[in-house]
Amino acid sequence: MDVNKEFDEFLSSMKKFNINVASEFLSNISYDTKYAGDIIELLGKGLTNEYFKSRPEYFNFCEEQLLKLANNEEYQELVFDFLDIIEMDDCKLSSSVLIVVTVLENTENPNLASLEYLLLGTFNCLFEMDATNLKDILLTIIQLLIRLRKHFLLQQSILYYFARVAFLVLNTNIEPIEYLNLLSSIIYDPFYLLEYEFDELEEKKEVLYIASFFYLYFKTGMQWGPKIYNRFYVLDKCCNLAMSVYEDNILGKSFAKLILTKFKNNEIPLHSLNKRHEHFLLEAAHSSMFNEHLNVRKESIESLMLFIDKLCTDAQYVVFKYVFSKPLESCIKEQFIVKMKNLIFSHLKLEHDLGCFQGIRLLNIIKLCCNISVKRGFYLQKNKEHILSAISLYLSLVHNIEILNMGEEFLNLTKQFVDTIQNVIDYSHKEQKIELKNLGNDDCRVKDKEIIIENNFNSNPNPKLSNKEKRDLLSQMNTTITLVQSNLDMLKRFIKNKEPVCNFARANNFRASFRPNVCGESTSRPCSDSGNPNENPNSSGQFVTNGNDVDGDSYENDVKTKILQSSLQHVPRHGWSRDTIAAGAEDLGYPDTVHGLFRDPGAELALYFYSASNDSLSRLLRDGSLTLPRESKAELTAFLTNAIKTRLLMLQPYLNQWPQAIALLSKPSNAPLALSNLMTLVNDVCYYAGDRSIDTRWYTRRIGLATIYKSSELHLLQDGSQGYNDTWNFVRRAVEECVKLDTMLESNAQLAKDVVTASVSTAKNILGLSWNR
């Protein structure tokens with residue numbers, strides 16, 4: 001038999017798609033190394049997507065014959081000829097992989113090169129497919145490859161190729177659970193993949209492929225593998241991996257945030273920080289500002305703050321020092337300053353070790369984060385967030401100088417900072433004058449010489465801006481300068497007096513309320529010197545400053561009063577808390593960090609409300625809105641009942657939150673002020689009820705009325721009756737008893753003296769005035 005002639009006929013039949021002739025040749029020919037490779041190649045060329053659609057019979061013939069050859073031990077040594085089928089143009093990948101898998105499956109010990117060749121060729125084809133075809137075929141290919149698991153398990157290094165598929169799964173929206181289920185049967189130790197040194201991989205994409213696998217691994221929660229690995233080791237490796245690919249919008253940012261959530265707070269030690277973390281910090285800061293997608297910007301800033309939380313205290317200090325030394329955008333610096341401030345005060349509140357955040361080290365980092373230089377090209381409008389957050393930091397720290405071991409050096413540093421910011425504003429004022437002159441429009445003149453508007457047109461000239469557009473920008477700058485100047489003025493006041501609010505003055509006012517006015521017929525309110533309840537010089541509920549009041553202190557108190565008034569509307573949502581103050585400040589255009597002006601935000605807000613409500617009642621009494629009593633006891637009872645009822649109704653919008661206020665006002669530091677407000681309330685009511693007494697009855701009437709009011713207040717909090725009828729009946733009965741007691745005391749001087757002595761003793765105990773010092 002002339003084999004050469006028969007082979008030529010075979011070639012001819014294949015070209016003519018003559019399946020019968022080709023089949024006869026293949027069934028009769030014995031194995032011949034001379035033609036075996038050519039036969040495999042010819043049949044492999046028939047396994048194309050085109051033939052699968054246009055000539056299905058021919059395609060099936062080629063596939064069938066190749067499978068027969070693959071199962072023939074004599075042809076298994078030609079494994080690389082079979083492998084070449086996968087790289088042929090337009091090959092039907094599932095059929096080609098099936099052929100090669102069959103060959104290797106029947107090989108007792110296939111070499112590593114053939115296994116890698118199979119995986120590399122297969123995955124290269126997969127990466128070249130469009131998403132639609134890939135979604136249809138990907139899991140099928142993996143199922144075919146897994147038939148070789150017994151060989152793969154002996155060659156752990158090649159399992160890396162399977163991890164690459166995760167990148168395709170992510171980009172084609174394939175259900176990852178099914179993919180991971182398949183891989184769990186072949187990759188026994190997924191953490192072995194973490195042993196790759198990422199820097200040594202030839203292409204950065206390879207790092208992305210491994211990162212994709214571990215992202216799916218942690219995201220789905222389908223975690224498997226040996227239990228011998230240390231949890232922190234795995235997380236630390238994955239964290240480095242995530243930060244190496246952070247610039248990838250699809251994977252990097254989500255993976256980094258996911259891995260960071262797996263750490264415990266303060267778990268990452270200082271020695272774990274490396275250049276990948278530096279890369280992450282700068283890339284995340286850049287993305288949070290300039291990425292075109294809002295969700296990516298948001299995720300980037302969240303990841304930055306999350307990363308800070310996971311660092312130990314010393315590592316936090318090093319990271320803050322690093323980022324503050326970089327030329328970051330103003331709003332990014334603001335975020336880091338606020339974060340650092342919150343961490344410091346969190347440590348103080350929980351009495352944790354401050355580590356580097358105290359003493360000279362804290363001073364050094366404050367110098368870095370609050371470094372503002374006055375030079376051409378620096379514009380207040382562009383750096384307002386940085387400046388305002390720096391001011392807020394100083395405002396917050398000035399109350400804790402001793403605790404943070406900073407001493408006088410901090411005050412000196414604060415003064416330097418204030419001078420610098422004022423120079424920035426002054427510089428901006430000079431630039432503004434030039435711009436106003438250029439505009440040549442009198443309407444744009446600055447009316448208040450202390451309100452400075454900055455000009456930033458010279459830094460970025462834009463000839464297309466009209467005068468109207470420039471005036472609009474100047475108006476925005478005016479708002480910025482006003483805000484910065486007002487915050488700076490607050491800081492100046494705090495520097496001038498490190499303890500800007502004082503409890504003792506209001507406590508003295510309360511003690512004065514126990515002294516009747518013997519200078520005339522009328523009895524004064526506790527804070528008034530004139531005898532008129534409406535002349536109380538400090539009825540706002542604010543703490544009184546020690547020393548003489550100055551313009552700056554008045555301005556500061558005005559700002560605080562406005563913030564407190566604006567904050568009341570947020571009480572139903574946030575309660576009597578710092579968040580309420582922050583929300584009220586934001587309504588007025590102040591930064592939410594301005595709550596640092598208040599030493600005890602919730603208590604100060606409750607005191608303000610109490611005092612403001614007292615003022616409202618006083619106005620109603622003064623204007624005659626409540627019928628004043630004449631001579632009869634019935635009229636007096638009705639007046640007192642109505643006055644207490646009116647005052648209690650002022651609590652109605654905040655009834656659900658009032659127990660919290662009571663708790664805050666019961667604190668030793670707030671009790672004197674709270675009691676002072678209560679005595680102001682009852683003194684007003686007694687005054688307008690006609691009380692002009694200067695004897696012991698002055699005390700008994702006020703203390704008795706205070707007892708009724710506080711009891712009624714507690715009754716109201718638990719009253720479920722319609723229209724609070726139970727409380728009003730309770731008030732009426734209590735007032736009737738009080739009036740009867742007053743009548744009794746008028747006729748018994750000794751009894752009145754005993755009651756006063758007991759009442760004053762009780763008040764002294766409440767105030768803490770009876771302690772042995």
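**Entry 1: getting started**

Helices here are DSSP runs of H or I with at least four residues, numbered from the N terminus. I keep that at the top of the page, since I use helix numbers throughout. I also note that the model is predicted.

I began with the whole protein chain. How many helices and strands does the chain have? I found 34 helices and zero strands. The chain has 773 residues, and 53% of them are buried. Then I looked at contacts between residues with a separation of 6 or more: 75% of those join residues 24 or more positions apart.

**Entry 2: the cavity**

Next I went looking for enclosed space. The count came to one cavity of 30 Å³ or more. About 50 Å³ of space lies in the largest cavity.

Which residues line the largest cavity? I wrote down L617, A643, I644, R647, L681, V682, V685, L705 and Y709. By class, that lining has eight nonpolar residues, no polar ones and one charged. Arg counts as charged, so R647 is the charged one in the list.

Which helices each supply at least two residues of this lining? I got α29 (633-649), α31 (671-688) and α32 (697-717).

**Entry 3: α30 against α32**

α32 came up again when I checked helix pairs. The axes of α30 (residues 658-665) and α32 come within 11 Å and cross at roughly 145°. On the α30 side the contact uses W658, P659 and I662, and on the α32 side E713, L714 and L717. I sorted these by class and got five nonpolar residues, no polar ones and one charged.

**Entry 4: helix α28**

I wanted to test the length of α28 (residues 601-623). How far apart should its ends be? The helix has 23 residues, and the rule is 1.5 Å a residue, so I expect a span of 33 Å. The rule takes one less than the number of residues before multiplying, so that is how I set it up. The end C-alpha atoms are 33 Å apart, which agrees.

Is α28 mostly covered or mostly uncovered? It is mostly covered, with 17 of its 23 residues buried. After the helix comes G624, and its phi is positive, near 80°.

I picked S613 for a closer look, since it lies in α28. Its relative accessibility is 4%, and buried means under 20%, so S613 counts as buried. Leaving out residues up to four places away in sequence, S613 touches R647 and M650. I had met R647 already, in the lining of the largest cavity.

**Entry 5: T48 and D90**

T48 sits in the loop between α3 (33-45) and α4 (49-54). Is T48 buried or exposed? With 10% relative accessibility, T48 counts as buried. Its contacts, not counting residues up to four places away in sequence, are F59, D89, D90, C91 and K92.

One of those, D90, got its own look. D90 is in the loop between α6 (79-83) and α7 (93-105). Its phi is near 60°, a positive value in a residue other than glycine. At 41% relative accessibility, D90 counts as partly exposed.

**Entry 6: F17**

I also came across F17, in the loop between α1 (3-15) and α2 (19-28). F17 has a positive phi of about 60° although it is not a glycine. Its relative accessibility is 25%, so F17 counts as partly exposed.

**Entry 7: two residues and their distant partners**

L258 belongs to helix α15 (residues 252-262). At 18% relative accessibility it falls under the 20% cut-off, so L258 counts as buried. What does L258 touch, apart from residues up to four places away in sequence? I listed Y215, F218 and K219. L258 and K219 are 39 residues apart in sequence, and their C-alpha atoms are 7.4 Å apart in space.

S185 was my last stop. It is in the loop between α12 (176-184) and α13 (204-220). S185 has a relative accessible area of 34%, so I put it down as partly exposed. Setting aside its neighbours within four places in sequence, S185 is in contact with I146 and R149. S185 and R149 are 36 residues apart along the chain, and 8.1 Å separates their C-alpha atoms.

Methods: Residues numbered from 1 in each chain as written. Predicted model: local features only at pLDDT ≥ 70, side-chain atom pairs only at ≥ 80, totals over all residues. Heavy atoms only, no water. 1 Å grid on protein atoms, 1.4 Å probe; cavity = no way out; pocket = protein on both sides within 12 Å on 5 of 7 lines; lining within 4 Å. Points joined across faces, edges and corners; volume = space filled by probe spheres on them. Axes fitted to C-alpha atoms, helices over the stretch in contact; angles between N-to-C directions. Contact = heavy atoms within 4.5 Å. Buried < 20%, exposed > 50% of the residue type's maximum accessible area, 1.4 Å probe, protein only.
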